[in-house]
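Biologist: I'd love a close look at a single part of this protein, explained slowly enough for someone in their first year. Could you pick one strand and walk me through its surroundings?

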Amino acid sequence: LLTALRLFINGEYESHRVEMQRHLQRVVDALAGLPVCSRLVVPDDGESAPTLELSLNESRLGRTAFEVCRRLRHGTPPIYVGHGQLDQGRLVIHPIHLNEERTTALIAGLRGEMAR
């Protein structure tokens, strides 16, 4: 706990937040032109991780956010998105475990679902 507190005080997590935002921006860029509106949410508290909200055009996709979420979860590799806004037609991406490889897999899975 003390180590985590020291790291936080010294700003060590700031670079991690920047890296998470970079991964999410890659996703935003990769989904341009598809039936989805991307919104990168960057809290201004200097502490919280950014998130990505993907508002699906469900009528153009021909399926709901619930269905897209289910298909992503059962894909290879499985992709898990936040469920808190599915009823509003949105997928939420939390970047905590993203790295270059996982971001590439996430983009491939999302593009596969959005381009159908």
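Modeller: Happily; here is a tour of strand E2 and the parts that surround it. Keep in mind that this is a predicted model.

Let's begin with the sheet. Three strands form an open sheet in the order E1-E2-E3, with antiparallel pairing. Strand E1 (36-41) and E3 stand at the edges, and each has a single partner strand, so one side of each is left without a neighbour in the sheet. On average, neighbouring strands here are turned by 20° against each other, if direction is ignored.

Now look at how E2 is joined to its partners. With E1, the antiparallel pairing runs over 6 bridges. With E3, the pairing is again antiparallel, over 4 bridges. You can follow one path across the sheet through Leu52: this residue of E2 is the bridge partner of Leu40, and in E3 the bridge partner of Leu52 is Ile93.

Is E2 buried or exposed? Of its 6 residues, 5 are buried, so E2 is largely enclosed by the rest of the structure.

Part of that surrounding structure is helical. Helix H5 lies across E1, E2 and E3, running at about 175° to E3. Helix H4 also has a place beside the strands, as we will see shortly.

Next, follow the side chains. In a regular strand, side chains alternate between the two faces of the sheet. Let's take two residues of E2 in turn, starting with Leu56.

Leu56 belongs to the story of the largest nonpolar core, which has 25 residues; those with the most contacts inside it are Leu54, Leu56, Leu91, Leu110 and Met114. At least two residues of this core come from each of helix H2 (12-30), strand E2 (51-56), helix H4 (65-73), strand E3 (90-93) and helix H5 (100-114). Leaving aside residues up to four places away in sequence, Leu56 touches Pro35, Val36, Leu61, Ala65, Val68, Gly89, Leu91 and Met114.

The other residue is Glu53, which is also found in strand E2. Which residue does the Glu53 side chain meet in a polar contact? The partner is the side chain of Gln85, and the contact is 3.4 Å. Glu53 is buried, because its relative accessible area of 13% falls under the 20% cut-off. Again leaving out residues up to four places away in sequence, Glu53 touches Cys37, Ser38, Arg39, Val41, Gln85, Arg90, Leu91 and Val92.

Let's return to H4. Its buried residues are Ala65, Val68, Cys69 and Leu72. They cover an arc of only 100° around the axis, which puts them on the same side of H4. What covers these buried residues includes E2, H3, E3 and H5. Two of the residues just named, Ala65 and Val68, are also among those that Leu56 touches.

For contrast, step just outside H4 to Gly62, in the loop between helix H3 (58-61) and H4. Gly62 is exposed, with a relative accessible area of 65%. Gly62 and Arg116 are 54 residues apart in sequence, yet their C-alpha atoms are 9.1 Å apart in space.

To retrace the tour, E2 pairs with E1 over 6 bridges and with E3 over 4 bridges, and 5 of the 6 residues of E2 are buried. Try finding Leu56 and its contact Met114 in the view, then Glu53 and Gln85.

Methods. Residues numbered from 1 in each chain as written. Predicted model: local features only at pLDDT ≥ 70, side-chain atom pairs only at ≥ 80, totals over all residues. Heavy atoms only, no water. Core = buried A, V, L, I, M, F, W, Y, C linked by side-chain atoms within 4.5 Å. Buried < 20%, exposed > 50% of the residue type's maximum accessible area, 1.4 Å probe, protein only. Contact = heavy atoms within 4.5 Å. Polar contact = N/O pair within 3.5 Å; in protein donor to acceptor, adjacent residues only side chain to side chain. Pairing = 2+ DSSP bridges. Axes fitted to C-alpha atoms, helices over the stretch in contact; angles between N-to-C directions. Arc of directions from axis to C-beta.
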